[in-house]
Amino acid sequence: MFILTEKNQAAAVQQALRQRLEGTGVTVAHPGGEVLVLEGETFRLDGESLRLLPGVRAVQRLTEPYPLAARTGHPEDTVVSVGKARIGQDFCLIAGPCAVESPEQVTSIARQVSAAGAQLLRGGAFKPRTSPYTFGGLGAEGLELLCRAGRETGLPVVSEITDPRQLSLFREVDVLQVGARNMQNFELLRELGRQEKPVLLKRSFGATVTELLQAAEYILAGGNERVILCERGIRTFEPDSRATLDVAGIAALKEQSHLPVLADPSHAAGRRELVAPLALAAAAAGAGGLMIEVHDRPEEALSDGRQALTCGEFARLARRVQALTALLRQEE
Ligand code: PEP
Ligand code: MN
């Protein structure tokens with residue numbers, strides 16, 4: 001980290017500043033002129049606060065504020081194993097309904113997405129909905145139905161947790177999902193950092209790539225190394241899709257972090273017609289897998305029916321994605 005100090009600074013001010021900085025645990029070098037070089041655990045320092053110290057003109061961070069999530073110092077890709085899936089190594093398809101609605105619904109979808117090549121089954125039981133009056137999920141019963149469908153089809157299951165107090169209900173759930181709305185729920189992230197299960201961390205629609213990686217850092221800093229990132233669209237001025245899939249963000253995440261990067265084209269698209277094109281774009285941009293909402297009867301879905309693929313549409317998309325990723329692997 002560089003600090004640019006005021007010109008012609010009095011020696012006493014310079015000395016006080018150096019002492020103050022050294023008090024934070026970093027080493028301070030003064031190669032000459034108005035520049036101070038800070039080395040050590042500079043990720044613990046808040047650049048904004050340093051800027052307020054007497055004699056400081058500017059602060060420039062040179063290393064990432066997320067040392068554990070960063071690819072610097074961890075060049076090889078992290079692979080998270082769940083069931084037979086090697087997320088971060090082999091392309092991975094996660095599919096299932098937005099919300100678990102009934103035993104028949106989740107079992108029927110589980111069978112069909114499994115036959116089409118999905119390696120994990122998704123399904124929400126605790127749904128954070130924009131309106132408090134819409135279907136909020138079946139809660140504990142939903143998790144039970146999801147896990148039962150997963151066992152029956154041999155698929156590990158993914159479901160969203162919205163509060164650390166729900167953890168005991170998630171005992172049988174293989175992957176804990178943190179939804180976009182909770183990406184910066186830091187108490188939840190800290191608690192998941194103490195768990196052994198993989199965490200699928202979705203990007204908030206209002207967060208930068210750096211903020212997503214800092215959220216991942218909370219989980220990693222707690223000792224849980226099994227973090228999977230997921231780009232799901234950010235909010236822009238374009239109303240034609242529900243969100244804007246940040247394709248550049250997928251590539252940037254892969255560049256800046258060793259963690260697996262998935263994409264969720266369903267929540268980015270908001271309508272079924274756009275899901276396949278976005279899924280293919282995400283795969284082409286280097287996403288290590290996709291999470292896709294699928295329903296056996298989208299028109300009757302209790303949430304997100306408009307963006308749900310039918311089981312047949314999912315099977316066709318799975319074939320196209322497999323063809324695309326096979327082609328890309330040949331050219332690597
Ligand atoms: C979901 O995956 O069910 C979901 C609610 O997505 P997001 O948190 O990305 O909106
Ligand atoms: Mn949904």
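**Cores, cysteines and a manganese site**

Let's start with the inside. The largest nonpolar core has 70 residues. Those with the most contacts inside this core are V113, L201, L229, L290, I292 and F314. Keep in mind that this is a predicted model.

Which helix gives the most to this core? Helix α6, residues 209-221, with seven residues.

Now take F314. Leaving out residues up to four places away in sequence, F314 touches L93, A95, V113, A116, A118, I292, V294 and L309. There is also a second, separate core, of 14 residues. Among its members are V82, A85, L120 and L262. As a general point, nonpolar side chains in soluble globular proteins tend to be buried together.

On to the metal. Which residues coordinate the manganese ion, ligand 2? C98 through SG, H267 through NE2, E293 through OE and D304 through OD. The distances run from 2.0 to 2.4 Å. Along the chain, the donors are spaced as C-x168-H-x25-E-x10-D. H267 sits in helix α8, residues 265-269. E293 is in strand β14, residues 289-293. These two are 26 residues apart, and the pair links distant parts of the chain. Both H267 and E293 are buried.

Last, the cysteines. How many disulfides does a search of the whole structure find? Zero. Take C92: its nearest cysteine sulfur belongs to C230, 11 Å away. A disulfide needs the two sulfurs within 2.5 Å, so C92 is in none. For C230, likewise in no disulfide, the nearest cysteine sulfur is that of C92. Are these two buried or exposed? C92 has 1% relative accessibility, so C92 counts as buried. C230 is at 0%, so C230 counts as buried too.

How values were computed:
Residues are numbered from 1 along each chain as its sequence is written. Chains are lettered from A and ligands numbered from 1 in the order in which they are written. This is a predicted model: local features need pLDDT of at least 70, side-chain atom pairs count only at pLDDT 80 or more; totals for chains, interfaces and linings use all residues. Side-chain values use heavy atoms; hydrogens and water are left out. Donors are N, O and S atoms within 2.8 Å of the metal (3.2 Å for Na, K and Ca); water is not among the atoms, so sites may look incomplete. Helices (H or I, at least four residues) and strands (E, at least two) are DSSP runs, numbered from the N terminus. Buried means under 20% relative accessible area, exposed over 50%, partly exposed in between (1.4 Å probe, protein chains only). A nonpolar core is a set of buried Ala, Val, Leu, Ile, Met, Phe, Trp, Tyr and Cys residues joined through side-chain atoms within 4.5 Å. Contact means heavy atoms within 4.5 Å.
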